[in-house]
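This report walks through one protein model for a reader who has not met it before. Please keep the sequence and the 3D view at hand while reading.

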Amino acid sequence: MKRLGLVHTVSQLAPTFAELAGELLPGVETTVIADELLLKRTIRDGVVDDMTRDRLRGHVAALADFGADAVLVTCSSVGAVVDEIAPGADVPVLRVDRAMAERAVTLGACVGVLATLPTTLEPTTKLVEAAAGEAGRAVKVVARLCDGAFAALSHGDGARHDAIIAEELDRLAAEVDVVVLAQASMARIAAGRPAGGTPVLSSPRLAMERLALYRTMSTR
């Protein structure tokens, strides 16, 4: 892998993935497309519409045409569309939360899914359930929405966003074997948790580790 394409729907996530790429994929050039309209339309409509599907498909095709050897879409709300696009794409196309879901189902029989958006909660829950089925594991999923967190972040109140998530995370962690944070923007909450207790997984590092593994295998 010489070039990785990244599609962001939240521009603020770019530094997080740039840092991980530098650490885990040294020497790999990254090319970024940031299109916040993909997520904004999905939030507004409550579903992923045909225009969003077409725009995302176009972004993936453009990155492949530019020379990307793989594409990572960092938005969980459009994860199901990534799965639709991947089989027909010219390069591997990955959804950011797949590695996280696959790890989660190995850590316990009850998986908590925490999200700040309903449009992310449902696809991530379905992904965890699908990962459990593919792994042949019987897993119960407990889905929980952090009401008000995304609105706080949208208004620039990152501290309030983090506090709402942390409070809900403490409650959910007491009920399940492992918690997955459905959105990449929630990753810093996991990073701030003390060691021990219920495992809390976030998607950015696990997704980039999956790409690093893919890179290693493809060079053999």
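## Terms and basis

Contact, or touching, is used here for heavy atoms within 4.5 Å. The model is a predicted one, in which local features need pLDDT of at least 70 and side-chain atom pairs count only at pLDDT 80 or more, while totals for chains, interfaces and linings use all residues. Residues are numbered from 1 along each chain as its sequence is written, and side-chain values use heavy atoms, with hydrogens and water left out.

## Val73 and the largest nonpolar core

Not counting residues up to four places away in sequence, Val73 touches Val7, Leu56, Val78, Val82, Val93, Leu94, Arg95 and Val96. The largest nonpolar core (a set of buried Ala, Val, Leu, Ile, Met, Phe, Trp, Tyr and Cys residues joined through side-chain atoms within 4.5 Å) has 19 residues, and those that touch the most other members are Val7, Leu56, Val71, Val73, Val78 and Val93. Buried stands for under 20% relative accessible area, exposed for over 50% and partly exposed for the range in between, with a 1.4 Å probe and protein chains only.

Two or more residues of this core come from each of α2 (36-45), α3 (50-66), β3 (70-73) and α4 (79-85), where helices (H or I, at least four residues) and strands (E, at least two) are DSSP runs numbered from the N terminus. The largest share, 4 residues, is given by α3. Another core, of 18 residues, lies apart from this one and has Ala104, Val128, Val178 and Leu206 among its members.

## The four-stranded sheet

An open sheet of 4 strands follows the order β6-β5-β7-β8 with parallel pairing, two strands being paired if DSSP finds at least two bridges between them. Because β6 and β8 stand at the edges with a single partner strand each, one side of each is left without a neighbour in the sheet.

Between β5 and β7, which run parallel, there are 4 bridges; Val111 stands opposite Val178 in β7, and Leu114 stands opposite Leu181 in β7. The parallel strands β7 and β8 are joined by 2 bridges, with Val179 opposite Val200 in β8. In a regular strand the side chains alternate between the two faces of the sheet. From β7, Val178 and Val180 point one way and Val179 and Leu181 the other way, and all are buried.

## Val142 in strand β6

Which residues does Val142 contact beyond its neighbours within four places in sequence? They are Cys110, Val111, Gly112, Val113, Leu172, Glu175 and Val176. Val142 belongs to strand β6 (residues 140-145) and is buried, its relative accessible area being 15%.

## Helix α8 against the sheet

Helix α8 (residues 158-173) has 16 residues and reaches 22 Å from its first C-alpha to its last, close to the 22 Å expected at 1.5 Å a residue, the expected span being 1.5 Å times one less than the number of residues. Its buried residues are His161, Ile164, Ile165, Glu168, Leu169, Leu172 and Ala173. Seen down the axis of α8, these fall within an arc of 150°, so they line one face of the helix; the arc is that of the directions from the helix axis to the C-beta atoms.

The cover over the buried residues of α8 includes β5 (110-115), β6, α7 (149-154), β7 (178-181), α9 (187-191) and β8 (200-201).
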